[in-house]
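The following exercises are to be worked with the sequence and the coordinates at hand. Each task is followed by a solution in steps.

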Amino acid sequence: MGANASNYPHSCSPRIGGNSQAQQTFIGTSSYSQQGYGCESKLYSLDHGHEKPQDKKKRTSGLATLKKKFIKRRKSNRSADHAKQMRELLSGWDVRDVNALVEEYEGTSALKELSLHASLARPEARTLQKDMADLYEYKYCTDVDLIFQETCFPVHRAILAARCPFFKTLLSSSPEYGAEIIMDINTGGIDMSMFSALLHYLYTGEFGMEDSRFQNVDILVQLSEEFGTPNSLDVDMRGLFDYMCYYDVVLSFSSDSELIEAFGGNQNCLDEELKAHKAVISARSPFFRNLLQRRIRTGEEITDRTLRTPTRIILDESIIPKKYAKVILHCMYTDVVDLSVLHCSPSVGSLSEVQALVAGKPNMTRAEEAMELYHIALFLEFNMLAQEETAVSQYAWAAELSNNY
């Protein structure tokens, strides 16, 4: 099944033409008279073929004078007596204020050194690109099969539709779960290994094989005409998070432990649900991956597929508060931690917030929120979020320490 090249727009750069000898570029400058500080506009041509020697000498001497002024200014900054300036600044301060400033400097320095050592000791967290590569290799939670040259390629409908206009159109004609789609590619010279490399590129943004054919401009042009040119991986994954096309799982939150263990119960007991994709949450979190695989082994997944309903995962809000769920999902799709989500919607409540109000506890600080989110990331085995939250909490502590003084 092919696609018309006219369906996919291509960006092109405008061509600039004309006689190069007729083109002339000027640079505008201004000179200031010593008496009236009047501005006199001058234009210097870049073509110095007919420049007079005295004019060239004037310009050279002027630039040299300006250079000397800049050098003199840099030298004066380097030779400044910073200790004297600090003494003058603190001369009117109270001794307690000076001690507080010294303690703040010492604490900031220690925090910086601690952060450096922690970064060196911390193992490198897996990025979105690496987890997407594993998702394509190990085929977690696939929902459609592509048949190319009598070979089956299990893939994920949502990811291919978000990354490629060709697959978005193709998959929309076969909405059923586990559909088998025969691939008919018009571009010549595409064999099984090259088709696999193309799928790997859609998952990760880079080709997974070294093939000289990928250096052939003609083949690349034909592929872009037939499949369309995808955006960067982070842009398309952000779009997938925003619009949740082909979502197949919903996250619900409850404080009823019996309801959580049974994975069912009265729907009115559940809080607001959040949509997601099994492929993404299983690729980013071993906790969710093991949970979904257990549902497959127990046969619960077959029921969802038969009824064509999204899988519902009920989470205990005393362990994973609902207010952090959107931050966690956003990081899974983008590798970016956005704590502003916690405070942008006053309607989003959670059990932990209610418990804090009943107990008379004040609102949590940014550092406390970051630390709580860090422990949740460890529970979910989502290392990228845990690593990012370590940096966020350190920054928040430093900011709060600065505000205290």
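**Exercise 1.** Where does the second largest pocket lie with respect to domain 1 (128–230) and domain 2 (247–257 + 272–403), and why?

*Solution.* The model is a predicted one, in which local features need pLDDT of at least 70, side-chain atom pairs count only at pLDDT 80 or more, and totals for chains, interfaces and linings use all residues. Residues are numbered from 1 along each chain as its sequence is written, and side-chain values use heavy atoms, with hydrogens and water left out.

Step 1. Fix the terms. On a 1 Å grid over the protein atoms alone, a pocket is an open set of points with protein on both sides within 12 Å along at least five of seven lines, a cavity is a set of points where a 1.4 Å probe fits but cannot get out, and lining residues have an atom within 4 Å of a point. Domain bounds come from an automatic or database domain assignment.

Step 2. Assign the lining. Both domains contribute residues to it, so the second largest pocket lies between them.

Step 3. Describe the pocket. Its volume is about 470 Å³, a volume being the space filled by probe spheres set on the points, which are joined across faces, edges and corners. Of its 19 lining residues, D143, Y177, Y247, D248 and T309 lie nearest the centre. Helix α13 (residues 300–307) is the largest contributor to this lining, with three residues; helices (H or I, at least four residues) and strands (E, at least two) are DSSP runs, numbered from the N terminus.

Step 4. Sort the lining by class. It comprises seven nonpolar, three polar and nine charged residues, where Ala, Val, Leu, Ile, Met, Phe, Trp, Tyr, Cys and Pro count as nonpolar, Asp, Glu, Lys and Arg as charged, and the others, Gly among them, as polar.

**Exercise 2.** Determine the strand order of the open sheet that contains β6, and place helix α14 on that sheet.

*Solution.* Step 1. Three strands run in the order β7-β6-β8, with mixed pairing; two strands pair if DSSP finds at least two bridges between them.

Step 2. Strands β7 (274–276) and β8 (311–316) are at the edges with a single partner strand each, so one side of each has no neighbour in the sheet. From one strand to the next, the twist averages 30 degrees.

Step 3. Six bridges join β6 (residues 249–254) to β8 in the parallel sense, and L251 stands opposite I313 in β8.

Step 4. Helix α14 (residues 325–334) packs on the sheet and touches β6 and β7 (contact: heavy atoms within 4.5 Å). Its direction makes about 15 degrees with that of β7; axes are lines fitted to C-alpha atoms, for helices over the stretch in contact, and angles run from 0 to 180 degrees between N-to-C directions.

**Exercise 3.** What are the volume and the lining of each of the two cavities of 30 Å³ or more?

*Solution.* Step 1. The largest cavity holds about 60 Å³ of space. Its lining consists of L251, F253, F288, L315, I320, A325, I328, L329 and L380, with nine nonpolar, no polar and no charged residues. Helix α14 gives the most to this lining, with three residues.

Step 2. The second largest cavity has a volume of about 40 Å³. D143, H156, A158, I159, Y246, D248, H277 and A279 line this cavity, and they divide into four nonpolar, two polar and two charged. At least three of the lining residues come from each of domain 1 and domain 2.
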